[in-house]
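Q: Please take a close look at the side-chain packing in this model. Begin with a single residue and its contacts, then follow the cores, the rings and the charged pairs, and say how far the model can be relied on.

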Amino acid sequence: MLSLVAASLFLTARPPLIGGIPHLDYALACRATGHLNATIDVVDELVVKPVALTDFDLTGPTKDKSQKLRTDGDGKINIDLDPGSYTLAISKPLAFKGKQYTWSKTFDITDGQTYNLQLTQSDATVAEAAPVREISDAAKLYRLYAHSVVTVESDAAQGSGFLVDATGLILTNYHVIKASTAFAVKFGPGERYDAEVIATDPVADVAVLRVSPDACKGRTPVPVLAPGESLGVEGENVIAIGSPLNQEQALTQGIISKVDPDALISDVNINHGNSGGPLLNMAGVAIGLTTFADPATQGGPGISGIVSIHKAEKALEDARSAEPKSIPPSAEKLPDVCPVDIPEDMVEQIGSKIRRTDPYFKYPKNFRTYIETPFDVHANDLEFQKAWDRNISRRYKGKMPADQKQEHGPSAFWLKYVGRANLPLVTVKVLPWPQEKSSSIWTRVLISPYIKPNLELRDDFAKMLLIRDGKEVVPIQRNRIRDTMIYDGYNVQIADTAMAGFYSYDPRAFEPSGNLEMRIWKNDRQDFTSIKIDKRFQERLWDEFKGWAQLAQGTPGLVLRDTPPEDQPVARAQKPASTAGQPATLPQPATSAQNVPAVASTPAAAAASTPKPNPTRKPAPSPTPAPTPAPVPTTPAPTPTPTPAPTPAPTPTPTPKPTPTPPTPTPVLAPLQGALDGLDPDTTAIEARIKAVTTAVGTVKPWDVIVAIQTDPKATFAYVDSWATLHDLLVKAGVRGEVVVKLRRGENVVTSKAVAK
């Protein structure tokens, strides 16, 4: 059937708005203007298709005046025009059905009138179109929504997610973020942001993350199927966007194979990493979250499972209810892998010369800590190659047959061209190290030393910080992964599992001009093990990266931030405030410092103390002033209350310390003063009261307000920076005895207490 093209242009006069306009602009305000409303449709076999997002050039009323216009999604253009003569022409010929259509139409605008213009095929110049590639609907949807699909990074897993609200709400699967404490999302290269979990539905395997609204500017949220609407029908075309394997924002396409009330089955290809990404119908609406694969046992790619988008409605509702009550994550970008890879020849040249003498640290206790570079990986590959050659060549009297030589196969090319094998990263690996069980030791001592030792893993990795000159180096990758060891050999056996840590950093963090320290936590302990990185090790490592550093000049580098208060070392003796009017400070959380070397207070002091190659050498403990009993008064005491004479075993009586006068709270913190006074210490009540007063204050920046809770007069303070952490802390502590809450902004501190009645 003959294709038709129709368009209509309308000009509508609109009265000017003159209220409140200065007299100099009055004439302009009263000037008659017209409104251009253009609609362009392509009719193909009686089906009307708007010519959307197409550029047109508008010239007039003088030759030197022209502007670029673009049709909207319905093929329309709306603009106000001054009286005069205009020419509307398509910027680029429209290719349609093997032909090219070019429009150019001149029309006049007069005062206060409506001008109607209709364009048809007879008004266009038609030419034979050169063969062009047609962009599919799937490709158009990908272009529209790819930048709203994110890679979800947690310390235990990696998956996908998609933006559903411009306020920063992101949908993903619950199994992607469960058992994790740190979260980030990546929109693209150099676009990584902190994220927080704001709502979960473990039964439906749905979670809602939130990022800063500033991180979502310019991104189109993915529309979600309305409640009650049909998910689709068997055979309907669908697409999936996600971050499978080592890729980001990859597109796959298929059909709906089966529709269940709570899930969809599809032949769209998804893999590890796709979990949490959107499944879109061809109208561009999310109908599900790609969740699992049902692989074939014998041949074939298998099929995929998608959680119905209707299963996410409850979590989304909870997230939108909780969203106004908490502070959004920071809009500051997190560091990302440098876009400049290490050249392959540089890796081979340097890796072939590496002779490590101290490949790991034997600390923390029950762990081995490795610092690994791409050059180390290449050196290990060379060692494996040499061992391979030795084992094979000995069978052939020292000669290596050609068919036994290792050659680069498809995996090597994948790493080179797709997998980015030479990423500029320094990875710190904290691996649990097996130790012999006490029962095994006694068995071998009492019965026979020839009994096979039985080993175990005694500690779990919790987290780590890399400190450079007192500032935390923000990691590019952070993972806490379960490490399982199952081995039953001739001389040893083990069957155990524990958590290991893998943190990756920009190599520029190890530049020798700064002092480096690793702080590593294990289990649920509050103290950490400090490992000072030797200067000679830094210099040797940095020498390997010098060539790459020159190539990477000008690229984004390190991101440093203040160390969280709960992760800072604590002085052994607290000096009372001596200057009246000086702002009070929150006490630091106590750490067991038996295995924590002293940290230099300044970079100069740190440089002056020469570190040893063994980073776990225990320093002499800092002198701690012991409490001195009050002396027997021989003269009248200066204080009004006399001090009783000491006995051989005096009962320790806390000596009251001078209390500095706290500064007047700023207006922002004023509503917080005394917010908990007299409140019965109940977990729910305290949490609700803290949330209420901080919400009344308004949004504050992360770390701008610090909450410290003390549940025992002798206990140290614990710091929290999110409502989830606050809730966990209150539940764990049981809210016993006195609860003291201090909130700090800058140098202003306010205090509230709740005492059990």
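A: Packing around one core residue

Leaving out residues up to four places away in sequence, Val208 touches Leu169, Ile170, Leu171, Glu196, Val197, Ile198, Ala199, Ala315, Leu316 and Ala319; a contact means heavy atoms within 4.5 Å. The model is a predicted one, in which local features need pLDDT of at least 70 and side-chain atom pairs count only at pLDDT 80 or more, while totals for chains, interfaces and linings use all residues. Residues are numbered from 1 along each chain as its sequence is written, and side-chain values use heavy atoms, with hydrogens and water left out.

Val208 is listed with Phe162, Leu171 and Leu279 as having the most contacts inside the largest nonpolar core, which has 37 residues. Strand E19 (residues 237–242) gives the most to this core, 4 residues; strands (E, at least two residues) and helices (H or I, at least four) are DSSP runs numbered from the N terminus. A second, separate core holds 33 residues, among them Val347, Ala379, Val428 and Phe545. A nonpolar core here is a set of buried Ala, Val, Leu, Ile, Met, Phe, Trp, Tyr and Cys residues joined through side-chain atoms within 4.5 Å. Buried means under 20% relative accessible area, exposed over 50%, and partly exposed in between, with a 1.4 Å probe and protein chains only. In soluble globular proteins, nonpolar side chains tend to be buried together.

The rings come next. There are 9 aromatic pairs, a pair being two rings of Phe, Tyr or Trp (its six-membered ring) with centres within 6.5 Å; planes under 30 degrees apart count as stacked, over 60 as edge-to-face and the rest as tilted. Trp521 and Phe528 form a tilted pair, since their planes lie at 55 degrees, with the ring centres 5.0 Å apart. Trp521 counts as buried at 4% relative accessibility, and Phe528 counts as buried at 2%. Phe545 and Trp548 form an edge-to-face pair, since their planes lie at 80 degrees, with the centres 6.2 Å apart. These two residues are 3 apart in helix H9 (residues 535–551), which separates them by about one helical turn. Phe545 and Trp548 are both buried, and together with Phe375 they form one aromatic cluster.

Two rings carry a charge over the face. Lys463 lies over the face of Trp521, 4.8 Å from the ring centre, and the charged end of Arg219 sits over the ring of Phe187, 4.0 Å from its centre. The rule asks for NZ of Lys or CZ of Arg within 6 Å of the ring centre and within 35 degrees of the ring normal.

Side chains of opposite charge can pair when their charged atoms come close. The structure holds 26 salt bridges, each a side-chain nitrogen of Lys or Arg within 4 Å of a carboxyl oxygen of Asp or Glu. In one of them, the closest N and O atoms of Asp318 and Lys314 are 3.1 Å apart. Both residues lie in helix H4 (residues 313–322), 4 residues apart, or about one turn of the helix. Asp318 counts as partly exposed at 32% relative accessibility.

Another salt bridge joins Glu511 and Arg468, with the closest N and O atoms 3.4 Å apart. This pair links distant parts of the chain, 43 residues apart: Glu511 is in the loop between strand E34 (493–505) and strand E35 (516–522), and Arg468 is in strand E31 (residues 461–468). Glu511 is partly exposed at 25% relative accessibility, whereas Arg468 is buried at 10%. Salt bridges with shared partners also join Asp194, Glu472, Arg478 and Arg561 into one network.

Glu472 also takes part in a contact with Leu560, which touches Lys471, Glu472 and Val473 when residues up to four places away in sequence are not counted. Leu560 belongs to strand E37 (residues 560–562) and is partly exposed at 39% relative accessibility.

As for confidence, the mean pLDDT is 74, and 66% of the residues reach 70 or more; pLDDT is the predictor's confidence in each residue, from 0 to 100. Confidence is highest in strand E14 (residues 169–172), at a mean of 96, and lowest in helix H10 (residues 603–608), at 36. Residues 1–29 have pLDDT below 50, and this stretch has 68 contacts in the model beyond near neighbours in sequence. Residues 572–672 stay under 50, with 109 contacts beyond four places in sequence.
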